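Visitor: I am new to this structure. Please show it to me, and I will ask as we go.

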Amino acid sequence: MHKVIKAFGIQLLALLILAVAIYGLQFLVEPPYPWLAIALMQGVLAALLTCKLGLPCWWRWIQFLIPLGFYGAFSLQVSPWLGLAAFIMLWLVFSNVSKERVPLYLTNATTRHALKALIKRRKAVNFMDLGCGLGGNVVFMSQLVNVRSSVGVETAPLPFAIAKLFTWLRGGRVQAQNLWNVDLSDYDLVYAFLSSEPMPRLWQKVVEEMRPGTLFVSNSFAVPGVEPSEVWELSDSRKTRLYIYTL
Ligand SMILES: C[S@@+](CC[C@H](N)C(=O)[O-])C[C@H]1O[C@@H](n2cnc3c(N)ncnc32)[C@H](O)[C@@H]1O
């Protein structure tokens, strides 16, 4: 089951238990009860159930804070529209977190120059950025003399819109396409900066579709159980590791 739906179900279950407990409590202690105490109890109950019902244990902190967040918002009379607007904004940027377990973070300049160095002896390179974020890599690669085409795919709506505008102004091409539907046989260098979650499935796709001699590069996330041809540790502050697989 989708984790967010499960978390919501756990909150509902905690609410049900709390409602029964409060119903019983009225025979012992005269109501009303302080809302803060009720919100705290809801948070504690939801947090306790979270680990027990199979969500990752670190989610209990989120589960604990949600009722307190509601309490805070009600107390401060925050407009619910603000919450909705924040939710929509987050979804527009991070929609791939819930589906693919991949958030948005960006490749830095040092890494882009490493990609440039990697292909310096190659000619007429077709470059693909799987999940291209704001399109920075696509633009950068499109400006190299030995790059014939530079393409990125992105499904999160807001990054896609920004990437589309950026590439329209500065070069390269971006498509609103799921990375799982890209035919990788068209590319000489395929770059991915995703997360550990999709790497095993992505590797399957890479070996099935990429041509011999072409390059698959993963920023920070190695393919489990597969020896890379090379690992480059870069001199940036986060000591970026590029896992390079020559097909
Ligand atoms: C960590 S960011 C990297 C952005 C860019 N490649 C860079 O290096 O600067 C990963 C991006 O992949 C996108 N993404 C995740 N899953 C995707 C999918 N199935 N199809 C297309 N894009 C996806 C996310 O929306 C996010 O923008």
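Visitor: Where is the place of Pro32?
Guide: Helices here are DSSP runs of H or I with at least four residues, strands are runs of E with at least two, and both are numbered from the N terminus. The peptide bond from Pro31 to Pro32 is cis, with omega near 5°. Pro32 has its place in the loop between helix H1 (3-25) and helix H2 (35-52).

Visitor: What should I know about the model and its numbering?
Guide: Residues are numbered from 1 along each chain as its sequence is written. This is a predicted model in which local features need pLDDT of at least 70, side-chain atom pairs count only at pLDDT 80 or more, and totals for chains, interfaces and linings use all residues, while side-chain values use heavy atoms, with hydrogens and water left out.

Visitor: What is phi of Ala124 near?
Guide: Most residues other than glycine have a negative phi. Ala124 lies in the loop between helix H5 (109-118) and strand S1 (125-130). Its phi is positive, near 45°.

Visitor: How far is a nitrogen atom of the ligand from a polar backbone atom of Gly131?
Guide: A polar contact with the ligand is a pair of N or O atoms within 3.5 Å. A polar side-chain atom of Asn137 lies 3.1 Å from an oxygen atom of the ligand, and an N or O atom in the side chain of Glu100 is 2.9 Å from a ligand nitrogen. For the backbone of Gly131, the distance to a ligand nitrogen is 2.7 Å.

Visitor: Which parts does the pair of Trp203 and Tyr245 tie together?
Guide: Aromatic rings pair if their centres lie within 6.5 Å; planes under 30 degrees apart count as stacked, over 60 as edge-to-face and the rest as tilted. Trp203 and Tyr245 are tilted, at 5.1 Å centre to centre and 50° between the planes. The pair ties together parts 42 residues apart in sequence, because Trp203 and Tyr245 lie in helix H8 (residues 199-209) and strand S7 (residues 241-246).

How values were computed. A polar contact is a pair of N or O atoms within 3.5 Å; within protein, one must be able to donate a hydrogen and the other to accept it, and residues adjacent in sequence count only if both atoms are side-chain atoms. Rings of Phe, Tyr and Trp (its six-membered ring) pair if their centres lie within 6.5 Å; planes under 30 degrees apart count as stacked, over 60 as edge-to-face and the rest as tilted.
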